[in-house]
Protein chains: 2
Amino acid sequence: MKCHQSVSVNELKAFRHGIAAYVNFNDEEWDAVIPFLSSSTIKKKDHFAVNGEVCEHIGFIVEGSVRFYHLKDGAEITGYFCFENEFVSAYKSYLTQQPGITYIQALEETQLVLISYHNMQLMLKHPLLGYKMERFGRLVAEHYLCCYEDRVTSFILQTPEERYLQMLETNGAVLLRIPQHYVANFLGITPVSLSRIRRRTLVHS
Amino acid sequence: MKCHQSVSVNELKAFRHGIAAYVNFNDEEWDAVIPFLSSSTIKKKDHFAVNGEVCEHIGFIVEGSVRFYHLKDGAEITGYFCFENEFVSAYKSYLTQQPGITYIQALEETQLVLISYHNMQLMLKHPLLGYKMERFGRLVAEHYLCCYEDRVTSFILQTPEERYLQMLETNGAVLLRIPQHYVANFLGITPVSLSRIRRRTLVHS
DNA sequence: TAAAACCCTTATCTTTTGTTAACGTTTAAT
DNA sequence: ATTAAACGTTAACAAAAGATAAGGGTTTTA
């Protein structure tokens, strides 16, 4: 993954708008933040994170999408997707700075604003930025904690068929963007099984 | 759940030690923290959180244990457990201050140190405590994010049998403390199915 | 201490999922 | 433009899980 230090005006705008959901920086603070950011464009099928390596960055997707997957018995098992205006990282690897087990791959050409772990630590200790960056990190972690909580609950409480039907209702748009066998993995089943579920839940109009 | 404002010396010590994994407060800061804490002892089978209500507190378990469960079609489905020196809350409900769908029930008499949402917000804005409390909240959220990430991965990547065998290796002690049908729910299967898995994976010595 | 509630196992039957392979279609690569 | 790779569906069979019920043991509790 190539990073160039300078972030375009357009990317900065998208990023500032995206993080406004968590914390607002005034202009002085924002000027201090900018030098800690970098930018990257990942080509389709290139990787943001790979098994066995420390995930160096957290990224904000300005444009594009990625999928998370693992290798099991030589096969790729897709576990998650991220799209525009979402943060992406192999969180456990990034947060612990230990080698991870997650691959993150661009589903299409994907434009990212990046914060390296090192720069994040600098901002967290920065006299002007530290307090707000702590808050920012807390709120982002809390947000994704809630997402994961829902996801775990869906595995505990719902059958694969119920998970699929709920996904149709709440995330129907994703199904149009993502190959179906990735969705099957995401639901915790095989592609063949998802195909059967689709057939038996079809509304014959 | 009864709360009394004063926290015993013993509880304070356990709590301070427990959060030291995340952040250290000096004595001046600690004296400022104490008034924001409260304490509660929950009897076996009493609830820390229930469906439809906002979860008001995050708790630190000094002694005892709890289980998380949901109601589905009138049946209780257990999704998680917490033990001594862990934080416990219906996180999504607590963090968003919206009514939750999670029941949290004491598995035995359980002694907790509590932080109400309101007091947490006061500490986050407190001139002396704010920065460290933001950091504390961030690190706790990050820690549980990593836990949830592992848990989701286990549902994506492993069969129920593999999840059980891994739990035997990494959490064998839990199995001795928790009724087996709760463990089955935790693994995403029925108690009958777990009983079968146990039989077919038995090492006949 | 007796009754009730709870817990785990086992058996039977049904449903669902996994596995493998084949087929036609679409998409991508050369 | 042609070939190759990828994708979704379907079929057939095996394996696993769900549902239900029964039996025996333990723990609660009244």
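1. Let's start with the cysteines. In this predicted model, the count of disulfides over all chains is 0. In chain A, Cys146(A) takes part in no disulfide, and the nearest cysteine sulfur belongs to Cys147(A), 7.0 Å away. A disulfide needs the two sulfur atoms within 2.5 Å, so the pair does not qualify. As for its surroundings, Cys146(A) is buried, at a relative accessible area of 10%.

2. Chain B is worth checking too. Cys146(B) is in no disulfide either, with the sulfur of Cys147(B) as the nearest cysteine sulfur at 7.0 Å. Cys146(B) has a relative accessible area of 10%, so this residue counts as buried.

3. On to the DNA. Which residues are closest to DNA strand D? They are Gln180(A), His181(A), Thr190(B), Arg196(B) and Arg200(B), out of 17 residues that surround the strand. Of the atoms of DNA strand D that come within 4 Å of the protein, 69% are sugar and phosphate.

4. Some arginines deserve a look at the phosphates. An N or O atom in the side chain of Arg200(B) lies 2.8 Å from a phosphate oxygen of DNA strand D. For Arg198(A), a polar side-chain atom is 3.3 Å from a phosphate oxygen of that strand, and for Arg199(A) the side-chain N or O distance to a phosphate oxygen is 3.4 Å. Elements giving two or more residues to the surface near DNA strand D are helix H7 (180-187) and helix H8 (191-201) of chain A, along with helix H8 (191-201) of chain B.

5. Finally, the make-up of that surface: near DNA strand D there are 5 charged, 6 polar and 6 nonpolar residues.

Key: Residues are numbered from 1 along each chain as its sequence is written. Chains are lettered from A and ligands numbered from 1 in the order in which they are written. This is a predicted model: local features need pLDDT of at least 70, side-chain atom pairs count only at pLDDT 80 or more; totals for chains, interfaces and linings use all residues. Side-chain values use heavy atoms; hydrogens and water are left out. Buried means under 20% relative accessible area, exposed over 50%, partly exposed in between (1.4 Å probe, protein chains only). A residue is near a molecule or strand if one of its heavy atoms lies within 4 Å of it. A polar contact is a pair of N or O atoms within 3.5 Å; within protein, one must be able to donate a hydrogen and the other to accept it, and residues adjacent in sequence count only if both atoms are side-chain atoms. Helices (H or I, at least four residues) and strands (E, at least two) are DSSP runs, numbered from the N terminus. Ala, Val, Leu, Ile, Met, Phe, Trp, Tyr, Cys and Pro count as nonpolar, Asp, Glu, Lys and Arg as charged, and the others, Gly among them, as polar.
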